[in-house]
Amino acid sequence: KKVTMAESEGHALDKLYQASTTLVGVNAKLSKEGVDDFPANQVQFQNMMDAAKAGPKCKGLALSELPKYVGRYPELADKALDILTDLFEEKDEYRLKALQGFKVIASSAPGSVVQKLVGLLGQMLQSEVEAEVTIVNEALLAALTKDVKGTMSGLLQQLGADATARAKTVAFIERALLPRAAKLLNESVEIQNTVSDQLKKVMGGSVSTREFTIFMRVLFSMDKFKNGIEGANEILDFVHASCDLDKDFSPSAEQVDRLMMCTGSARMIYQHGASPNKLTVYLSLKVLPKLKELAPEQQLKVLKLFADIAPFIKGAPCRTCLPHIWLLALSEVPDTITAETKINWAALECLLYTFHQLASCVPGFMHSITGLKIFTGQPENKIDEDHTAKLAELTTKMTTLVKQSADYVNKLQQVMQKLREGKLDTAEAKKENGQKIASCQTTIVACQNVSILAERIKSINLKDPSFLADEKAVKLSFKQQSGGAGGKRKG
């Protein structure tokens with residue numbers, strides 16, 4: 001007798017029902033008696049998968065029953081996930097049922113299965129159907145709570161996919177992981193090591209500013225990076241990997257933006273005891289020699305970065321960096337002053353601030369660079385060499401800065417007075433006027449700081465030098481919220 005399609009599906013449906021009923025009983029026995037008969041009934045799960053695609057009724061039943069037991073048979077998980085994925089893609093009416101099934105698996109299956117599932121869910125985040133995306137997010141969150149290590153492994157693998165999948169994955173990490181990171185990631189050292197190792201690989205490639213910031217927030221939430229110098233140095237490795245310090249610096253806006261992005265967290269890391277030596281040497285030997293090849297706004301970004309990390313630079317890197325910083329500072333001071341002369345006060349503020357911070361660490365190194373004979377008794381302190389020409393240049397140019405600063409501050413104050421007296425009719429005009437006043441205030445602070453720093457260099461006590469560093473340092477204009485006067489602290 002020829003078996004009809006309906007009879008074939010009916011037979012498969014019976015087989016599926018029988019398998020489901022058996023596994024329900026096995027689960028009940030496990031709950032009541034603590035006896036696990038799942039391994040002995042693996043054939044039932046196999047029967048369920050064999051019958052899953054026999055017809056519409058089998059497919060509907062398989063979508064609801066298969067996910068319940070995938071976690072019990074991890075060695076068969078690949079085939080089960082393939083079946084559910086095929087059904088998801090086969091028909092619109094199956095899609096939500098399949099996703100609900102994935103959610104069940106995410107909350108019940110072991111890590112090996114969860115990691116494979118997360119790879120599928122990461123792709124499904126790209127769906128344009130809101131209801132589907134909602135369930136996918138719920139499933140991923142369930143997976144994250146169940147097995148953060150497996151879930152993060154699966155998610156981070158998605159970052160190598162196309163741009164859309166990458167963006168969706170990063171958005172999920174920001175939205176779902178970050179609020180729970182301190183709890184989930186610190187459950188074990190193994191979780192922290194696995195996730196941090198994977199992030200280091202990702203951050204060693206091409207990452208956007210937003211991605212870098214999110215990944216650094218994930219890292220900073222881990223206890224392993226909070227245990228003093230060791231943890232600080234380890235997290236600094238992530239910054240160095242992203243900067244790719246072994247490569248030559250290409251003088252472009254893109255390279256500067258990447259450098260700023262990667263080192264944006266550096267100051268906080270240095271405050272925990274990490275060493276800035278590697279970054280300092282890179283900036284000194286590879287970036288500063290090409291500084292003038294950058295656009296002015298990009299140059300200032302680099303100089304602000306230097307000023308930001310300067311208080312943490314100690315020892316040998318000071319000697320590497322100082323000659324470059326001093327020559328750049330001198331190059332910003334015109335040899336002759338005319339009515340048309342323009343001085344870059346913002347750049348000079350950064351350069352002289354950095355100079356003071358570094359010089360305070362190696363005062364004996366000043367003679368060969370600036371002509372200042374500060375005797376320290378150190379081998380570098382070759383005061384018998386003749387550097388009178390350098391000292392004369394220092395005196396002349398520092399004097400120029402002190403005088404020109406006073407003149408320019410006076411001009412800016414006059415400009416500000418006129419701006420304040422102006423009568424403005426529109427909100428937009430008032431806003432623009434306020435921005436001009438704020439800009440004048442910031443420049444005034446920068447000028448005053450340059451004057452203070454230059455005057456101290458010019459009149460430094462050679463027997464008892466006191467550079468304006470650390471607690472004596474001026475407050476940088478770009479770190480002040482309002483346009484107060486610049487100046488040094490007491491000391």
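In which helix does Ala51 lie? Ala51 lies in helix α2, and this report, which concerns a predicted model, starts from that residue before turning to helix packing, pockets and a few single positions.

**Ala51 and the packing of α2 with α3**

Ala51 has a relative accessible area of 2%, and because buried means under 20%, this residue counts as buried. If residues up to four places away in sequence are left aside, Ala51 touches Ala12, Leu16 and Cys58. Another residue to compare it with is Ala19, which is 32 residues away along the chain, and the C-alpha atoms of Ala51 and Ala19 are separated by 9.9 Å.

Ala51 also takes part in the packing of two helices. Two packed helices are described by the angle between their axes and the distance between the axes. For helix α2, which covers residues 42–51, and helix α3, which covers residues 56–69, the axes come within 9 Å and cross at roughly 150°. This crossing is left-handed. On the α2 side the contact is made by Phe45, Met48, Met49 and Ala51, while α3 brings Cys58, Glu65, Leu66 and Tyr69. Sorted by class, the contact of α2 with α3 holds 7 nonpolar residues, no polar ones and 1 charged residue.

**A second helix pair, α9 and α12**

Helix α9, made of residues 163–177, packs with helix α12, made of residues 209–220, at an angle of about 35°, and their axes are 11 Å apart. The crossing of α9 and α12 is left-handed. From α9 the contact draws on Arg166, Val170, Ala171, Ile173, Glu174 and Leu177, and from α12 it draws on Arg210, Glu211, Ile214, Phe215, Arg217 and Val218. By class, the residues of this contact divide into 7 nonpolar, no polar and 5 charged.

**Two pockets**

Rolling a probe the size of a water molecule over the atoms shows where empty space is left. The table sets out two pockets of the model.

| Pocket | Volume | Lining by class | Largest share of the lining |
|---|---|---|---|
| Largest pocket | about 350 Å³ | 7 nonpolar, 6 polar, 5 charged | α14, 5 residues |
| Second largest pocket | about 280 Å³ | 5 nonpolar, 4 polar, 3 charged | α21, 4 residues |

The largest pocket, with a volume of about 350 Å³, is lined by 18 residues, of which Ser242, Cys243, Asp244, Gln255 and Arg258 are the closest to its centre. The elements that give two or more residues to this lining are α13, spanning 228–243, and α14, spanning 253–263.

Which residues line the second largest pocket? Its lining consists of Ile337, Thr338, Ala339, Thr341, Lys342, Ile343, Trp345, Gln404, Asp407, Tyr408, Lys411 and Thr443. The largest share of this lining comes from helix α21, which runs over residues 388–421.

**Single positions along the chain**

Thr341, one of the residues that line the second largest pocket, also serves as a reference point for a residue in helix α1. His11 lies in this helix, which covers residues 5–33. The C-alpha atoms of His11 and Thr341 are separated by 94 Å, and the two residues are 330 residues apart along the chain. Is His11 buried or exposed? Its relative accessibility is 58%, and because exposed means over 50%, His11 counts as exposed.

Two further residues are found in the segment after α22, the helix that spans 427–458, and one of them is Asp470. Phi of Asp470 is near 55°, which is a positive value in a residue other than glycine. With a relative accessible area of 38%, Asp470 is partly exposed, because this value falls between the limits of 20% and 50%.

The other residue in the segment after α22 is Ala473. Ala473 has a relative accessible area of 5%, so it is buried by the cut-off of under 20%. The C-alpha atoms of Ala473 and Lys146 are separated by 51 Å, and these two residues are 327 residues apart along the chain.

Key
Residues numbered from 1 in each chain as written. Predicted model: local features only at pLDDT ≥ 70, side-chain atom pairs only at ≥ 80, totals over all residues. Heavy atoms only, no water. Axes fitted to C-alpha atoms, helices over the stretch in contact; angles between N-to-C directions. Left-handed = near helix turned anticlockwise from the far one by under 90°. Contact = heavy atoms within 4.5 Å. Nonpolar A, V, L, I, M, F, W, Y, C, P; charged D, E, K, R; others polar. 1 Å grid on protein atoms, 1.4 Å probe; cavity = no way out; pocket = protein on both sides within 12 Å on 5 of 7 lines; lining within 4 Å. Points joined across faces, edges and corners; volume = space filled by probe spheres on them. Buried < 20%, exposed > 50% of the residue type's maximum accessible area, 1.4 Å probe, protein only.
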